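Got your viewer open and ready? Let's take a walk through this model, one selection at a time.

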Amino acid sequence: MAQGAAEKKDDAVESVSSFWNDENVQLWLIERPIRIGLIIILAFIAHWALRHLINRLAKNSIKASTLKKPSRTRSRSGEDSQPDDTLRETREARRASRIKTLAGVGRSAVAIVVWVSAGIAILDELEVNVAPLIASAGVIGVALGFGAQELVRDFLSGIFMLIEDQYGIGDVIDLGNGVFGDVESISLRITTVRDIDGALWYVRNGEILQVANHSDEYSVARIQIPVGLSNDPEVAGEVIDKAVKDAVKDEKIRKMVLSTPRIDGMSKFEPDYVSFRVSTKTLPGRQWDVQRFVQSRVLNVMHAEGISTPYPHGIGIANPHKGDDA
């Protein structure tokens with residue numbers, strides 16, 4: 001019995017040894033798992049390295065724009081002065097937002113390329129014929145392209161919008177069809193705009209055919225000041241000119257104004273009034289604040305100087321005191 005047990009033991013050892021020494025077993029239990037593990041490790045390393053590279057490039061680009069010495073400009077008094085800090089910060093914030101958005105797109109693209117390539121390599125190691133899969137993926141991609149043309153157009157429009165820096169978060173834009181307000185967020189597919197009434201508009205990038213950016217680099221405050229025909233236009237123009245130039249020096253709006261106001265004179269000559277046009281450059285998006293303040297100040301000065309506006313007592317009343325005199 002001892003001899004039989006020894007023979008059975010030898011047979012078992014020989015069976016295990018033959019199984020372990022089989023080429024297919026060695027291939028599937030050792031070589032291919034090791035190669036697949038190496039592929040996964042290399043994919044992790046490549047993904048991490050590319051993400052780190054993109055983040056470093058974005059960070060250095062933002063830092064370079066922050067440290068860049070601002071150019072010197074000429075102030076209204078004729079002396080050299082640094083440009084307004086708020087304007088520079090606005091430009092830097094917009095550029096930083098654009099860089100971060102592009103970096104996010106780059107990280108997503110890197111992840112897709114690296115892990116799709118790793119998946120194909122792993123399937124190839126498992127002796128899966130990847131050629132039909134690639135061909136099928138191409139056919140499916142074409143079918144999806146035809147079925148999702150609007151989605152593709154939205155993504156392409158979003159990419160070009162970011163590359164061309166058409167607008168950024170915080171800008172005041174007009175997309176037409178009543179969509180006018182502040183940009184709150186931007187993605188490759190959707191731009192969200194908050195209008196003056198608080199409504200949040202979700203606009204597909206592929207549907208944006210034209211956009212008016214009221215906050216790019218600088219804005220312009222433009223004011224039309226109507227004056228009654230009974231006034232001397234030269235005197236009225238001088239009063240308005242002085243009132244506007246004094247108004248922009250006020251502490252409330254002085255830092256918002258970037259240039260000396262320009263008085264264009266009479267821009268309209270109507271049957272019942274003339275209109276003087278005033279314009280000045282302001283910080284991005286602050287033109288309405290400057291416009292409201294200047295209009296109020298000019299109106300007060302006109303009243304003080306006896307410059308009347310059209311129909312000062314209301315339309316249709318030629319002489320409101322005539323009945324009292326009678």
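Start by selecting helix α6 and looking at what packs over it: the cover on its buried residues includes β8, β9 (262-269), β10 (273-282) and α7 (287-305). (Helices, H or I with at least four residues, and strands, E with at least two, are DSSP runs numbered from the N terminus; buried means under 20% relative accessible area, exposed over 50%, partly exposed in between, with a 1.4 Å probe and protein chains only.) Before you go on, note that this is a predicted model, where local features need pLDDT of at least 70 and side-chain atom pairs count only at pLDDT 80 or more, while totals for chains, interfaces and linings use all residues. Residues are numbered from 1 along each chain as its sequence is written, and side-chain values use heavy atoms, with hydrogens and water left out.

Stay on α6 and colour Ala-236, Gly-237, Val-239, Ile-240, Ala-243, Val-244 and Ala-247, which are buried. They sit on the same side of α6 because they cover an arc of only 165 degrees around the axis (the arc is that of the directions from the helix axis to the C-beta atoms). Which exposed residues does the face of α6 turned away from its buried side carry? Spin the helix round and you'll find Glu-234, Glu-238 and Lys-242 there.

Now zoom in on the start of α6: a side-chain oxygen of Asp-232 comes to within 3.0 Å of the backbone nitrogen of Glu-234. That's a polar contact (a pair of N or O atoms within 3.5 Å; within protein, one must be able to donate a hydrogen and the other to accept it, and residues adjacent in sequence count only if both atoms are side-chain atoms).

Next, pick Ser-219, in strand β8 (residues 219-228). Ser-219 counts as buried because its relative accessibility is 2%. Its side chain reaches the backbone oxygen of His-214 at 2.5 Å and the backbone nitrogen of Gly-285 at 3.0 Å. Show its contacts too (heavy atoms within 4.5 Å): leaving aside neighbours within four places in sequence, they include Thr-280, Leu-283 and Gln-287.

Last stop: helix α5 (residues 149-164). Select Asp-154, Gly-158, Met-161 and Leu-162, which are buried in α5. These residues lie on the same side of α5, because their arc around the axis is only 95 degrees. Then step to Asp-165, which follows α5 and has a positive phi, near 55 degrees.

Conventions: The expected span of a helix is 1.5 Å times one less than its number of residues.
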